[in-house]
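Please open the model in a viewer with a cartoon representation and a residue selection tool at hand. The stops below name what to select and then describe what is found there.

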Amino acid sequence: MTDDAQTPTPEQIAAAQATRAGFVALIGEPNAGKSTLLNRMVGAKVSIVTHKVQTTRTRIRGVAMEGAAQIVFVDTPGIFRTKRRLDRAMVKAAWGGATDADVIVFLIEAHRGLTEGAQSIVDRMRDELPKDRPVALAINKIDRVKADVLLAMAEKLNEAYPFVKTFMISAEKGYGVQDLRSWLASQIPAGPWFYPEDQIADLPMRMIAAEITREKLTLRLHEELPYQLTVETEAWHDKKDGSTRIDQIVYVGRDGHKGIVLGNKGETIKAIGQSARAEISEFLDRTVHLFLQVKVRPNWENEPERYSEMGLEYKDGDA
């Protein structure tokens with residue numbers, strides 16, 4: 001190949017300069033609203049949203065268009081105190097997603113304020129994040145507190161860390177989200193887009209389908225069980241009639257957990273399957289036939305291949 005063939009044309013250079021593209025990391029405590037904000041920014045459901053904490057296990061990228069700017073959101077797992085190998089892998093992924101991003105948004109809940117957990121994140125941001133990386137503060141769920149409380153909180157947080165910009169938002173209701181998105185579009189680098197204009201996520205559809213099913217399990221079940229199971233899409237078959245057959249396996253750690261997931265006469269797993277199938281069908285815009293199996297895999301949380309499936313790093317000796 002000649003050098004001339006590798007050199008961008010003037011038209012290509014002009015197009016690249018006219019467009020912008022970059023990565024934005026959303027960080028914060030579990031349940032701060034990161035997944036809700038990602039879904040609101042992208043305009044579609046690409047990250048599971050539940051009342052349970054720590055549900056985002058992978059750095060899900062959602063792609064949003066804002067004018068000529070393509071914003072690629074990295075929805076990191078919530079940052080929290082770790083106990084298990086999986087917890088440590090999730091937190092490491094969160095900080096990795098932040099340090100690799102062009103812009104970072106620290107999300108905090110208005111009604112909780114600067115908690116001990118949020119303070120520890122702010123303290124670690126000083127050590128973990130590059131000094132030249134712009135970090136914005138987004139105070140979420142502003143509809144839950146009064147204006148004077150919000151202003152005092154913003155002042156306190158900006159004293160704790162040199163945020164370049166502060167936004168008052170409600171990810172659930174959409175307040176202030178457009179202002180944040182417009183600002184992010186202005187902060188990312190000039191350059192060509194990473195993805196086609198109509199693509200909203202870079203996760204394989206098999207994984208998105210598995211995440212949707214895991215969300216339904218999390219919503220239906222209680223206590224610690226949702227964090228002791230995982231869902232994998234075993235088979236995916238697009239049929240001639242335009243429908244899709246999806247076979248998934250729900251892995252649990254104990255025999256007793258299998259009974260809970262199945263429910264009396266299989267009623268629980270049936271309801272979960274119906275709910276997941278409806279949402280996957282809506283997401284794919286086609287008829288979906290979803291088949292779920294529940295299998296016991298006692299040590300799945302310590303299997304390297306499970307971490308690879310979730311986009312996490314498995315570290316030996318970190319049980």
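## Whole chain

The protein chain has 11 helices and nine strands; helices (H or I, at least four residues) and strands (E, at least two) are DSSP runs, numbered from the N terminus. The model is predicted, so local features need pLDDT of at least 70 and side-chain atom pairs count only at pLDDT 80 or more, while totals for chains, interfaces and linings use all residues. Residues are numbered from 1 along each chain as its sequence is written, and side-chain values use heavy atoms, with hydrogens and water left out.

Of the 319 residues of the protein chain, 49% count as buried. Buried means under 20% relative accessible area, exposed over 50%, and partly exposed in between (1.4 Å probe, protein chains only). Among contacts in the protein chain with a separation of 6 or more, 71% come from residues 24 or more positions apart; contact means heavy atoms within 4.5 Å.

## Stop 1: strand β5 and its partners

Select residues 135-140, which form strand β5. Six of the six residues of β5 are buried, so the strand is largely enclosed by the rest of the structure. Both faces are covered: V135, L137 and I139 are buried on one side, and A136, A138 and N140 on the other.

Add strand β4 (residues 103-109), which pairs with β5 in the parallel sense over six bridges. Two strands pair if DSSP finds at least two bridges between them. Here E109 has N140 in β5 as its bridge partner. Next add strand β6 (residues 165-168), which pairs with β5 in the parallel sense over four bridges. L137 stands opposite T166 in β6.

## Stop 2: I71 in strand β3

Select I71, which lies in strand β3 (residues 69-75). I71 is buried, with a relative accessible area of 0%. Which residues does I71 touch, not counting those up to four places away in sequence? They are G22, V24, G62, V63, A64, E66, R181, L184, A185 and I188. Label Q187 as well: the C-alpha atoms of I71 and Q187 are separated by 9.9 Å, although the two residues are 116 residues apart along the chain.

## Stop 3: helices α3 and α7

Select helix α3 (residues 34-42) together with helix α7 (residues 177-187); their axes come within 11 Å and cross at roughly 75°. That makes α3 roughly perpendicular to α7. Axes are lines fitted to C-alpha atoms, for helices over the stretch in contact, and angles run from 0 to 180 degrees between N-to-C directions. Angles under 35 degrees count as roughly parallel, over 145 as roughly antiparallel, 65 to 115 as roughly perpendicular and the rest as oblique.

Show the side chains of L37, R40 and M41 in α3, which meet V177, L180, R181 and L184 in α7. The residues of this contact divide into five nonpolar, no polar and two charged. Ala, Val, Leu, Ile, Met, Phe, Trp, Tyr, Cys and Pro count as nonpolar, Asp, Glu, Lys and Arg as charged, and the others, Gly among them, as polar.

## Stop 4: the three-stranded sheet

Select β7 (229-238), β8 (244-252) and β9 (288-296). They form an open sheet in the order β7-β8-β9, with mixed pairing. The edge strands are β7 and β9, each pairing on one side only. The twist averages 20° from one strand to the next.

β7 and β8 run antiparallel and are joined by nine bridges; V231 has V250 in β8 as its bridge partner. In their hairpin, which has five residues between the strands, G242 takes a positive phi near 95°. β8 and β9 run parallel, also joined by nine bridges. Along this pair, I246 stands opposite L290 in β9, and the bridge partner of V252 is V296. Eight of the nine residues of β8 are buried, so β8 is largely enclosed by the rest of the structure.

## Stop 5: helix α10 against the sheet

Keep the sheet visible and add helix α10 (residues 267-284). α10 lies across β7, β8 and β9, running at about 135° to β9. The helix has 18 residues and reaches 26 Å from its first C-alpha to its last, close to the 26 Å expected at 1.5 Å a residue; the expected span is 1.5 Å times one less than the number of residues.

Where α10 is buried, the residues are T268, I269, I272, G273, A276, E279, I280, S281 and L284. Their cover includes α8 (205-220) and α9 (255-262), along with β7, β8 and β9.

Finish on S281, which is buried, with a relative accessible area of 17%. Leaving aside neighbours within four places in sequence, S281 is in contact with R286, T287 and V288. Just after α10, D285 takes a positive phi of about 60°.
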